[in-house]
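Me: I would like to go through this structure slowly and ask, for each label, what stands behind it. Could we take the terms one by one?

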Amino acid sequence: MAKSADVRPVIKLRSTAGTGYTYVTRKNRRNDPDRMVVRKYDPVARQHVDFREER
């Protein structure tokens, strides 16, 4: 029942440390139309790194 242009789509956040670790979250497309960048903990690298939205 999801619309093709969903307002809150599910996105993957991939680590920029190159470990391949991802978080899965939702974002509001109206408030954040660009790709999201969030600083979160990467347990493989054992430090906080930037996670970028992957499409």
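**Reasons behind the labels**

Reply: Let us start with phenylalanine 51, which has a relative accessibility of 0% and therefore counts as buried, since the term is used for values under 20%. Please keep in mind throughout that this is a predicted model.

Me: What makes phenylalanine 51 part of a nonpolar core, and which residues belong to that core?

Reply: A nonpolar core is a set of buried residues of certain nonpolar kinds, joined through side-chain atoms within 4.5 Å. The largest such set here has 5 residues, namely Ile11, Leu13, Met36, Val49 and Phe51. Strand E1 (10–15) and strand E4 (47–54) each supply at least two residues of this core. As a general background, nonpolar side chains in soluble globular proteins tend to be buried together.

Me: What does isoleucine 11 touch, once residues up to four places away in sequence are not counted?

Reply: Isoleucine 11 touches Tyr23, Val24, Thr25, Lys27, Met36 and Glu53. Met36 in this list is also a member of the core.

Me: Why is valine 49 called buried?

Reply: Valine 49, which lies in strand E4, has a relative accessibility of 9%, and the limit for the term is under 20%, so valine 49 counts as buried. With residues up to four places away in sequence set aside, valine 49 touches Ser15, Thr16, Ala17, Val38, Arg39, Lys40 and Asp42. For Ala17, there is also a distance: the C-alpha atoms of valine 49 and alanine 17 are separated by 6.7 Å, although the two residues are 32 residues apart along the chain.

Me: Why is lysine 40, one of the residues that valine 49 touches, called partly exposed?

Reply: Lysine 40 has a relative accessibility of 28%, and partly exposed is the term for values between the 20% limit for buried and the 50% limit for exposed, so lysine 40 counts as partly exposed. This residue is found in strand E3. Leaving aside neighbours within four places in sequence, lysine 40 is in contact with Leu13, Tyr23, Gln47, His48, Val49 and Phe51.

Me: How do you know that tyrosine 23 and phenylalanine 51 form an aromatic pair, and what makes the pair edge-to-face?

Reply: It helps to begin with the other pair, since a search of the whole structure finds 2 aromatic pairs. Tyrosine 21 and tyrosine 23 have ring centres 5.4 Å apart and an angle of 85° between the planes; centres within 6.5 Å make a pair, and an angle over 60 degrees makes the pair edge-to-face. By the same reasoning, tyrosine 23 and phenylalanine 51, at 5.1 Å centre to centre and 70° between the planes, form an edge-to-face pair. This second pair links distant parts of the chain, with tyrosine 23 in strand E2 (residues 22–26) and phenylalanine 51 in strand E4, 28 residues apart. Together, Tyr21, Tyr23 and Phe51 form one aromatic cluster.

Me: Are the two tyrosines buried, partly exposed or exposed?

Reply: Tyrosine 21 has a relative accessibility of 30% and tyrosine 23 has one of 25%. Partly exposed covers the values between the limits of 20% and 50%, so tyrosine 21 counts as partly exposed, and so does tyrosine 23.

Me: What makes proline 9 count as buried, and where in the chain is proline 9 found?

Reply: Proline 9 is found in the segment before E1. Its relative accessibility is 12%, which is set against the limit of under 20%, so proline 9 counts as buried. Leaving aside its neighbours within four places in sequence, proline 9 is in contact with Thr25, Arg26, Lys27 and Arg29.

Me: Why is arginine 46 called exposed, and what is its phi?

Reply: Arginine 46 has a relative accessible area of 69%, and exposed means over 50%, so arginine 46 is exposed. The residue has its place in the loop between strand E3 (37–42) and E4. Its phi is near 55°, a positive value in a residue other than glycine. Most residues other than glycine have a negative phi.

Key. Residues are numbered from 1 along each chain as its sequence is written. This is a predicted model: local features need pLDDT of at least 70, side-chain atom pairs count only at pLDDT 80 or more; totals for chains, interfaces and linings use all residues. Side-chain values use heavy atoms; hydrogens and water are left out. Buried means under 20% relative accessible area, exposed over 50%, partly exposed in between (1.4 Å probe, protein chains only). Helices (H or I, at least four residues) and strands (E, at least two) are DSSP runs, numbered from the N terminus. Contact means heavy atoms within 4.5 Å. Rings of Phe, Tyr and Trp (its six-membered ring) pair if their centres lie within 6.5 Å; planes under 30 degrees apart count as stacked, over 60 as edge-to-face and the rest as tilted.
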